[in-house]
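Take a look at the sequence and the 3D structure below. Then follow the strands, one pairing at a time.

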Amino acid sequence: MNKHVGNYMHNTFSCEVEEANFDEMVVARSHEVPVLLDIGADWCAPCKSLTPKLERLALEYEGKFLLAKVDADENMRIAGRHKVRGFPTVIAYSRGQETDRFHGAQPDAFLRNLINRLIAHHQSTA
């Protein structure tokens, strides 16, 4: 299911996040469902390989987590708030708190492991 919210296309499993809706789309939503925050940039080659993998996994996991994508060039405060040192940086959120993070493109097995840990952590703190 896709819907337009502001200038951004959202579907059930992923969304574009900016400074104005960060607290609502990431922090607040992470109380309902775990959130993977993907901070990247259009010019970043590893971002271009990682983001499509995360999008595929978000669809495959059918809503067990939300993928929140941030364009760091447009939202430097989000990158600064998270002390991002390089792109891509992916941060796992559960119940309003960061639980894990990684930098750089990663293989599918690594991503699945991280997502499974995030979901398990979220369910264990319910």
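Which residues point one way from β4, and which point the other way? Val35, Leu37 and Ile39 point one way. Leu36, Asp38 and Gly40 point the other way. All of these residues are buried. Keep in mind that this is a predicted model.

**A strand inside**

In a regular strand the side chains alternate between the two faces of the sheet. Strand β4 covers residues 35-40. Buried means under 20% relative accessible area. Six of the six residues of β4 are buried, so the strand is largely enclosed by the rest of the structure.

**Neighbors of β4**

What joins β4 to β5? Six bridges do, and the two strands run parallel. Strand β5 spans residues 66-71. Leu36 has Leu67 as its bridge partner in β5. Helix α2, residues 45-60, belongs to this part of the fold too: β4, α2 and β5 make a right-handed β-α-β unit.

β4 is also joined to β6. Here there are five bridges, and the strands run antiparallel. Leu36 appears again, with Ala92 as its bridge partner in β6. Leu36 therefore has a partner in β5, Leu67, and a partner in β6, Ala92.**The β6-β7 hairpin**

Strand β6 takes in residues 89-94, and β7 takes in residues 97-103. The two pair in the antiparallel sense over six bridges. Tyr93 has Glu98 as its bridge partner in β7. How many residues lie between the strands of this hairpin? There are two. In this hairpin, Arg95 takes a positive phi near 55 degrees.

**Backbone details in the loops**

Two loop residues also have a positive phi, and neither is a glycine. The table sets them side by side.

| Residue | Phi | Loop | Relative accessibility |
|---|---|---|---|
| Glu62 | near 50 degrees | between α2 and β5 | 60% |
| Lys83 | about 50 degrees | between α3 and β6 | 56% |

Are these residues buried or exposed? Exposed means over 50% relative accessible area. At 60%, Glu62 counts as exposed. At 56%, Lys83 is exposed as well.

The loop between α3 and β6 also holds Pro88. Helix α3 itself covers residues 76-81. What kind of peptide bond joins Phe87 and Pro88? The bond is cis, with omega at about -10 degrees.

Terms used. Residues numbered from 1 in each chain as written. Predicted model: local features only at pLDDT ≥ 70, side-chain atom pairs only at ≥ 80, totals over all residues. Heavy atoms only, no water. Pairing = 2+ DSSP bridges. Helix = DSSP H or I, 4+ residues; strand = E, 2+ residues; numbered from the N terminus. Buried < 20%, exposed > 50% of the residue type's maximum accessible area, 1.4 Å probe, protein only. Right-handed = clockwise from strand over helix to strand, strands pointing away.
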